Amino acid sequence: MNKNVFSILLLIVIILLFSSCKRNHYEVNTKGINADIEIKRLEKDLFTLNPEEIVPSVPGLKEKYGNFLQLFSYVINTGEVDDPAFGEFLVRFCTDKLNNEVYETVNRVYPETTNIETDLEKAFRYYLHYFPGKTVPQVYTCTTGFNNSIITGDSIMAIGLDRYLGADCEYYPRLGIYDYISARMTPEYVVPDCMYGWVSSEWEFESAGYEKDNLLSRILHEGKLKYFEKCMMPEEKDEIIFGFTADQMNFCRNNENQMWNYLIENDLLFSTDQFLIRKFTGEAPFTSYFTNESPGRAAIWIGFRIIEQYMMKNKSSSLEMLMKDSDVQGILEEAKYHPEK
């Protein structure tokens, strides 16, 4: 064989081997999987009606929106949809001055939802790949008086678009929403929040069967949810998946070992103190135990990294098996989690 040809072939083999080693752990083939999403926009159907048309339109709204209309009614506190007074309650909601202003803002930010549909379809194709027996929910949008971001029910998922109007939305400071929270109330978080909301409703902590409600079970449960989210959106940036700024994400990556050692050295993993658990896993501008440079919920990054290493070391474990696994001690041991210094 010509020496030059041999050198070229050797180089190609090396490149292929290197590419194989560097393959994204989250990449899977979803070709041929259909997950049709057609979003129904309740807010448009409601706020484009003349007030006198709302009550006679209730039967049609019930038919079009089915069980979601009842979920929506609970969120906006208008009671049972079969109550004769429901239509009048709906009139009050739809004729409220602020609600109309908010609807106009929603309509400007979201004149159409094609991009959301496309991105949700892509995410749910991954969902059907990992969970072929599951069904894709019907998706709706609405305005909720800023009450809910994502609403879920049996085969139902709805997006409260008034919670995704942008970090600089004038309403959020007036509502007392902190900047570190409103920073995530932007269009780019809609689909990630949908997938997190969906998995949170499908696999709730309370029904997961964990032996104890301690810090370890909490961070591993949340780690599972974030791992699920990453599997559904493998191309999404970690900053969006975790809701961290770039600096906060870098803090977690650069201080993973220090954070883990802090939990170990202070014997915190098996703490059942709910106040302490909330300090590590609840919404906050930072995690006080990890310095002001850390993000709130930083311990969930640790939980995710344990789950990620567990799944990489246990090739025979499927995502479905992971979500059902309640043996947190076993997961921790099999993960052989040792963050780099």
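Are Arg 297 and Glu 222 buried or exposed? Both Arg 297 and Glu 222 are buried, where buried means under 20% relative accessible area, exposed means over 50%, and partly exposed lies in between, with a 1.4 Å probe and protein chains only. The model is predicted, and local features need pLDDT of at least 70, side-chain atom pairs count only at pLDDT 80 or more, and totals for chains, interfaces and linings use all residues. Residues are numbered from 1 along each chain as its sequence is written, and side-chain values use heavy atoms, with hydrogens and water left out.

**The chain as a whole**

- The chain has 17 helices and four strands, which are DSSP runs numbered from the N terminus (helices are H or I with at least four residues, strands are E with at least two).
- The C-alpha trace spans about 80 × 60 × 35 Å along its principal axes, and buried residues make up 48% of the 341 residues in the chain.
- Among contacts with a separation of 6 or more, 65% come from residues 24 or more positions apart, a contact being heavy atoms within 4.5 Å.
- About 17700 Å² of the chain is exposed, and carbon and sulfur atoms supply 50% of that area; accessible areas come from the Shrake-Rupley method with a 1.4 Å probe, and for residues only the protein chains shown count as cover.

**Salt bridges**

- Side chains of opposite charge can pair when their charged atoms come close.
- The count comes to 16 salt bridges, each being a side-chain nitrogen of Lys or Arg within 4 Å of a carboxyl oxygen of Asp or Glu.
- Arg 297 forms a salt bridge with Glu 222, with the closest N and O atoms 3.4 Å apart.
- This pair links distant parts of the chain, since Arg 297 is in the loop between α14 (274-281) and α15 while Glu 222 is in helix α10, 75 residues apart.
- Asp 238 and Lys 230 meet through their side chains in a salt bridge of 2.7 Å, N to O; Asp 238 is buried because its relative accessible area is 14%, and Lys 230 counts as buried because its relative accessibility is 11%.
- Another salt bridge joins Arg 305 to Glu 256, with the closest N and O atoms 3.1 Å apart.
- Arg 305 lies in helix α15 and Glu 256 in helix α13, so this pair ties together parts that are 49 residues apart in sequence.
- Both Arg 305 and Glu 256 are buried.
- Lys 230, Asp 238 and Arg 253 are joined into one network by salt bridges that share partners.

**Charge at the surface**

- Glu 211, Asp 327, Glu 333 and Glu 334 form a negative surface patch; patches are made of residues with over 30% relative accessible area and no salt bridge, like charges being joined within 9 Å and nonpolar side chains (Val, Leu, Ile, Met, Phe, Trp, Tyr) within 5 Å.
- Glu 211 is found in the loop between α9 (190-202) and α10 (215-232), and Glu 211 counts as exposed because its relative accessibility is 76%.
- The mean positions of the 34 positive and 51 negative charges are 6 Å apart; Lys and Arg count as positive and Asp and Glu as negative, while His and the chain ends are not counted, and the place of a charge is taken as NZ of Lys, CZ of Arg, CG of Asp or CD of Glu.

**Helix α17**

- Helix α17 (residues 328-335) has Val 328, Gly 330, Ile 331, Leu 332 and Ala 335 as its buried residues, and these pack against α10, α13 (256-265), α15 (298-313) and α16 (319-324).
- Lys 336, just after α17, takes a positive phi of about 50°.
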